Amino acid sequence: MRTIGLIGGMSFESSAVYYRLINEMVRERLGGLASAEVILHSVNFADIVALQKAGDWDAAADRLARAGEGLCAAGANCVLICTNTMHLVADQVAARLPAPLINIIDETSATLMAAGRKRPLLLATRYTMDHGFYTDRMRRAGLDPMVPDEADRTTVHSIIFDELCAGKVVDSSRDKLLAIIEKAKAAGADSVILGCTEICLILDPDTLPLPGFDSTTIHARAAIDFAFGEKSA
């Protein structure tokens, strides 16, 4: 089994989900007391958020690249950035690593395409929804993603940062997210991407008004496929 390197802490709430999912997937494959070979570098999320707010993406890329380099030096055979938003700098990070970086956008796009979905609604942080890095990459993969309107993007971003990243799951916020999905369904969306690694804490992708695709689970599964030699990143 190859060793998986995780750049986590963005937030630690979702990093805990990654760790659980990856180990559960290994146990399902091997049984018994088997677990994954994992190396985790958990950053201080407050530092990363400060760089996001300042728009200093080059410094953010350098911070994550240094974390990734450390993981590779410690023996990681692949690296995951355990957050969708920071894939804005994924190519910069990947260019500095001696091991492959498994890109969450590419893995989510491939999963949607395999499921025959073309017009997904992207629910994510404002950075992910507003910047073109995510939707443009998906379009190159053959998808036609859509994002909520301005007011709804503000709502989704607030739920993520003010609640989910702080470990708070609020029922009324779930209702708001479901209403946003219903609106997108009426506008022609054929699926929904849980495009923030914390959204799985509040929404079950199997119980939504549209077929749901949880990027956290998809990313974790891709890491396991790599670890078992079933794919090259």
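A salt bridge is taken here as a side-chain nitrogen of Lys or Arg within 4 Å of a carboxyl oxygen of Asp or Glu. In this predicted model, the side chains of Arg20 and Glu24 satisfy that criterion, with an N to O distance of 3.2 Å. Both residues belong to helix α1 and sit 4 residues apart, about one turn of the helix. Arg20 is partly exposed, at 41% relative accessibility. Glu24 is also partly exposed, at 27%.

The structure holds 17 salt bridges. One of them joins Arg137 to Asp91, whose closest N and O atoms are 3.4 Å apart. This pair links distant parts of the chain: Arg137 lies in helix α7 (residues 132–140) and Asp91 in helix α4 (residues 90–94), 46 residues apart. Another pairs Asp130 with Arg153, at 2.8 Å between the closest N and O atoms. Asp130 is in helix α6 (residues 126–130) and Arg153 is in helix α8, so this bridge ties together parts that are 23 residues apart in sequence. The two partners differ in burial. Asp130 is partly exposed, at 38% relative accessibility, whereas Arg153 is buried, at 15%. In addition, Asp62, Arg66, Glu69 and Arg96 are joined into one network by salt bridges that share partners.

Glu198 presents another case. This residue is found in the loop between β5 (191–194) and β6 (212–214). Glu198 is buried yet has no salt bridge. The nearest side chain of opposite charge is that of Arg20, 13 Å away. Instead, the Glu198 side chain makes a polar contact with the side chain of Ser11, at 2.7 Å. Beyond its sequence neighbours up to four places away, Glu198 touches Met10, Ser11, Ser14, Ile160, Leu164 and Cys165.

Helix α9 spans residues 171–186. Its 16 residues reach 23 Å from first C-alpha to last, close to the 22 Å expected. Ser173, Leu177, Ile180, Ile181 and Ala184 are its buried residues. They lie on the same side of α9, because they cover an arc of only 100° around the axis. Asp171 and Ala186, on the other side, are exposed. The buried residues pack against β4 (120–123), α8 (150–163) and β5. Gly188 follows α9 and has a positive phi, near 110°.

Ser35 is placed in the loop between α1 (12–30) and β2 (38–42). With a relative accessible area of 40%, Ser35 is partly exposed. Its contacts, leaving aside residues up to four places away in sequence, are Met1, Asn23 and Val26. The C-alpha atoms of Ser35 and Leu122 are separated by 32 Å, with their positions 87 residues apart along the chain.

Conventions:
Residues numbered from 1 in each chain as written. Predicted model: local features only at pLDDT ≥ 70, side-chain atom pairs only at ≥ 80, totals over all residues. Heavy atoms only, no water. Helix = DSSP H or I, 4+ residues; strand = E, 2+ residues; numbered from the N terminus. Buried < 20%, exposed > 50% of the residue type's maximum accessible area, 1.4 Å probe, protein only. Lys, Arg positive; Asp, Glu negative; His and termini not counted. Polar contact = N/O pair within 3.5 Å; in protein donor to acceptor, adjacent residues only side chain to side chain. Contact = heavy atoms within 4.5 Å. Expected span 1.5 Å × (residues − 1). Arc of directions from axis to C-beta.
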